[in-house]
Amino acid sequence: MPLHITGRNIIAALLLGETVAPMLTTTGAVLWVGSGTADHASSDNHLKGASVAATMLSGYPIRAVNQDTFRGLYATNVANFEWQEWGVKNATTTATSTAGNVFMLQRKQESLGTKASSQQWQLTVDLSLTT
């Protein structure tokens with residue numbers, strides 16, 4: 001799955017020791033789910049449809065060599081729609097925020113099912129950097 005331009009730029013900045021805030025940490029990383037069905041566009045910095053964010057569960061994200069794992073929990077009162085897309089972002093403000101320090105690392109368009117208001121769902125995303 002390709003990176004978004006903003007995600008690519010953040011990685012390039014970090015390689016040179018530049019400061020990036022907020023980082024993709026327990027308090028800075030957010031998993032978004034949405035209803036959009038449009039294809040990936042590397043210039044996007046948001047999800048395509050109605051969307052809801054979940055902050056990281058305690059202890060996440062975690063890294064194991066070249067894989068980062070992000071995990072968020074969606075309570076019964078949120079994200080009650082058909083999940084058609086998800087994304088890893090560094091801000092909780094809005095899904096469409098394009099402020100200079102807000103970036104979407106990746107977005108994936110795929111059907112994950114329909115969440116009902118009687119359900120609590122957990123989303124886990126594993127991102128691997130490979131050679």
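1. Start with the three-stranded sheet. In this predicted model, an open sheet runs in the order β3-β4-β7, and the pairing is antiparallel. The edge strands are β3 (62-64) and β7, each of which pairs on one side only. From one strand to the next, the twist averages 20°.

2. Now zoom in on one pairing in that sheet. β3 and strand β4 (residues 67-74) are joined in the antiparallel sense over three bridges. If you want a spot to click on, I62 stands opposite T69 in β4.

3. Then there's the four-stranded sheet. This one is open as well, with the order β2-β1-β5-β6 and antiparallel pairing. β2 (51-55) and β6 (104-114) sit at the edges with a single partner strand each, so one side of each has no neighbour in the sheet. On average, neighbouring strands here are turned by 25° against each other, if you ignore direction.

4. The β5 and β6 pairing deserves a look too. These two strands pair in the antiparallel sense over seven bridges. For a landmark, find V88, which stands opposite Q106 in β6.

5. On to the aromatics. With ring centres required to lie within 6.5 Å, the count comes to two aromatic pairs. Y74 and W83 make up one of them: it is edge-to-face, at 4.9 Å centre to centre, with 70° between the planes. Y74 and W83 are both buried.

6. W83 turns up again in the pair with W121. This pair is edge-to-face too, at 4.7 Å centre to centre and 70° between the planes. Which parts does it tie together? W83 belongs to strand β5 (residues 82-89) and W121 to strand β7 (residues 121-128), so the contact links parts that are 38 residues apart in sequence. Both W83 and W121 are buried.

7. Put those rings together and you get one aromatic cluster, made of Y74, W83 and W121. When you have the model open, I'd show these three side chains along with strands β5 and β7, which hold W83 and W121.

8. Last, how confident is the predictor? The protein averages a pLDDT of 87, and 92% of the residues score at least 70. Which element has the lowest mean pLDDT, and which the highest? Helix α1 (residues 5-15) has the lowest at 83, while β4 has the highest at 96. As a general caution, predicted coordinates shouldn't be read in detail where pLDDT is low.

Note on methods. Residues are numbered from 1 along each chain as its sequence is written. This is a predicted model: local features need pLDDT of at least 70, side-chain atom pairs count only at pLDDT 80 or more; totals for chains, interfaces and linings use all residues. Side-chain values use heavy atoms; hydrogens and water are left out. Rings of Phe, Tyr and Trp (its six-membered ring) pair if their centres lie within 6.5 Å; planes under 30 degrees apart count as stacked, over 60 as edge-to-face and the rest as tilted. Buried means under 20% relative accessible area, exposed over 50%, partly exposed in between (1.4 Å probe, protein chains only). Two strands pair if DSSP finds at least two bridges between them. Axes are lines fitted to C-alpha atoms, for helices over the stretch in contact, and angles run from 0 to 180 degrees between N-to-C directions. pLDDT is the predictor's confidence in each residue, from 0 to 100.
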